[in-house]
Amino acid sequence: MLELYQGNCREFLTHYNGPKFDAVITDPPYSSGGATLSERAASTAEKYTSTKRCCPFPDFAGDQMDARSWLHMMADVLSSARVHCHDGAVLVAFCDWRQLPLLADAVQWAGWMWRGTIVWDKMSSRPQRGRFRQQAEFAIWASNGKLPIDRPVPVLPGVFQAGNVQGVKRLHQTQKPLELMRSICRICVPGGRILDPFAGSGTTLAAAELEGYDSIGVELSPDIAKTASERLQTDLRYIQEVHYEET
Ligand SMILES: C[S@@+](CC[C@H](N)C(=O)[O-])C[C@H]1O[C@@H](n2cnc3c(N)ncnc32)[C@H](O)[C@@H]1O
């Protein structure tokens, strides 16, 4: 089962009353991509793509916050998501090097037990003389309370190598590689239920489906949600309809 909603994940999580989740696997807007406030406030195309103003993908939301706002937003979403998770559910949340300390704070503030940091080695990056390459992104992983040692989940790597998505398969400015997300999803108990509150083009949901999990995704941008729906060939549901059904 795969469901995709268009709307704000904070509202979705406030009103959600479905079955509990076994994992939250997500790639939030990083609100990063610059060393100064004005650089961070640039459009996501300017920050994250080499094509910049003629970028073929829509800009996405939630990426211009300052550090405190982003910390607050992430703590809020991760805390609301945890309420809808089973004991022992797993969280995997991506970030870049700039947001790693804030994300670690948000995860713990939200009541998750921080268990480690995973490295995504993108295997390439813009070369800059006299500097280390920025060729990795990170994901913090955590559990909702104790994580039983006898879960039927194999030993998983702590470093994943996967090149960025290129060509016709690219649908989103910051799309994650499908193989990367398939590997990450395997941290969830077999046949479990995965939530991605920041679904983007739906890579986590596609990966979950291919790995035999149920999943629910939420995406704020109508254009991006439509793209994800077409990619996943699934109905797009609307948060407003969720509210409407409740009243
Ligand atoms: C980094 S992208 C996710 C990309 C995704 N992993 C993929 O492979 O396509 C983050 C997404 O979260 C969406 N977003 C930002 N704030 C949101 C919110 N409050 N609720 C739901 N989606 C949100 C953005 O529009 C963006 O598409």
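Biologist: Hi! Which residues does Phe 12 touch, not counting those up to four places away in sequence?
Modeller: Happy to help. In this predicted model, Phe 12 touches Tyr 5, Leu 195, Ile 216, Val 218 and Ile 239, once residues up to four places away in sequence are left out.

Biologist: And which residues of the largest nonpolar core touch the most other members?
Modeller: Phe 12 is one of them, along with Leu 78, Leu 103 and Trp 112. That core has 34 residues.

Biologist: Which elements give two or more residues to this core?
Modeller: On the helix side, helix 1 (9–15), helix 4 (67–83) and helix 5 (100–109) do. The strands are strand 2 (21–26), strand 3 (85–95), strand 5 (136–143) and strand 8.

Biologist: Which helix gives the most to this core?
Modeller: Helix 4 does, with 7 residues.

Biologist: What lies apart from it?
Modeller: Another core, this one of 21 residues. Ala 139, Phe 160, Ala 162 and Tyr 213 are among them.

Biologist: Let's switch to the sheet. What order do the strands have?
Modeller: The order is 6-4-5-3-2-7-8-1-9, in an open sheet of 9 strands with mixed pairing.

Biologist: Why is one side of strand 6 and of strand 9 left without a neighbour in the sheet?
Modeller: Strand 6 (159–161) and strand 9 (236–238) stand at the edges and have a single partner strand each, so one side of each lacks a neighbour there. As for the twist, the average is 20° from one strand to the next.

Biologist: Is strand 5 mostly covered or uncovered?
Modeller: Mostly covered, friend: 6 of the 8 residues in strand 5 are buried.

Biologist: How many bridges join strand 5 to strand 3, and how many to strand 4?
Modeller: Strand 3 and strand 5 run antiparallel, with 6 bridges between them. Strand 4 (residues 113–121) also pairs with strand 5 in the antiparallel sense, over 8 bridges.

Biologist: Nice. Which residues of strand 5 stand opposite Phe 94 and Thr 117?
Modeller: Phe 94 has Ala 139 opposite, and Thr 117 has Ile 140. Ala 139 is also among the residues of that 21-residue core.

Biologist: What about strand 7 and strand 8: parallel or antiparallel?
Modeller: Parallel, over 4 bridges, with strand 7 at residues 193–196 and strand 8 at residues 214–219. For one partner pair, take Asp 196, whose bridge partner in strand 8 is Gly 217.

Biologist: Last one: which strands does helix 8 touch?
Modeller: Helix 8 (residues 222–232) packs on the sheet and touches strand 1 (2–6), strand 8 and strand 9. The direction of helix 8 makes about 165° with that of strand 1.

Terms used: Residues are numbered from 1 along each chain as its sequence is written. This is a predicted model: local features need pLDDT of at least 70, side-chain atom pairs count only at pLDDT 80 or more; totals for chains, interfaces and linings use all residues. Side-chain values use heavy atoms; hydrogens and water are left out. Two strands pair if DSSP finds at least two bridges between them. Axes are lines fitted to C-alpha atoms, for helices over the stretch in contact, and angles run from 0 to 180 degrees between N-to-C directions. Contact means heavy atoms within 4.5 Å. A nonpolar core is a set of buried Ala, Val, Leu, Ile, Met, Phe, Trp, Tyr and Cys residues joined through side-chain atoms within 4.5 Å. Buried means under 20% relative accessible area, exposed over 50%, partly exposed in between (1.4 Å probe, protein chains only).
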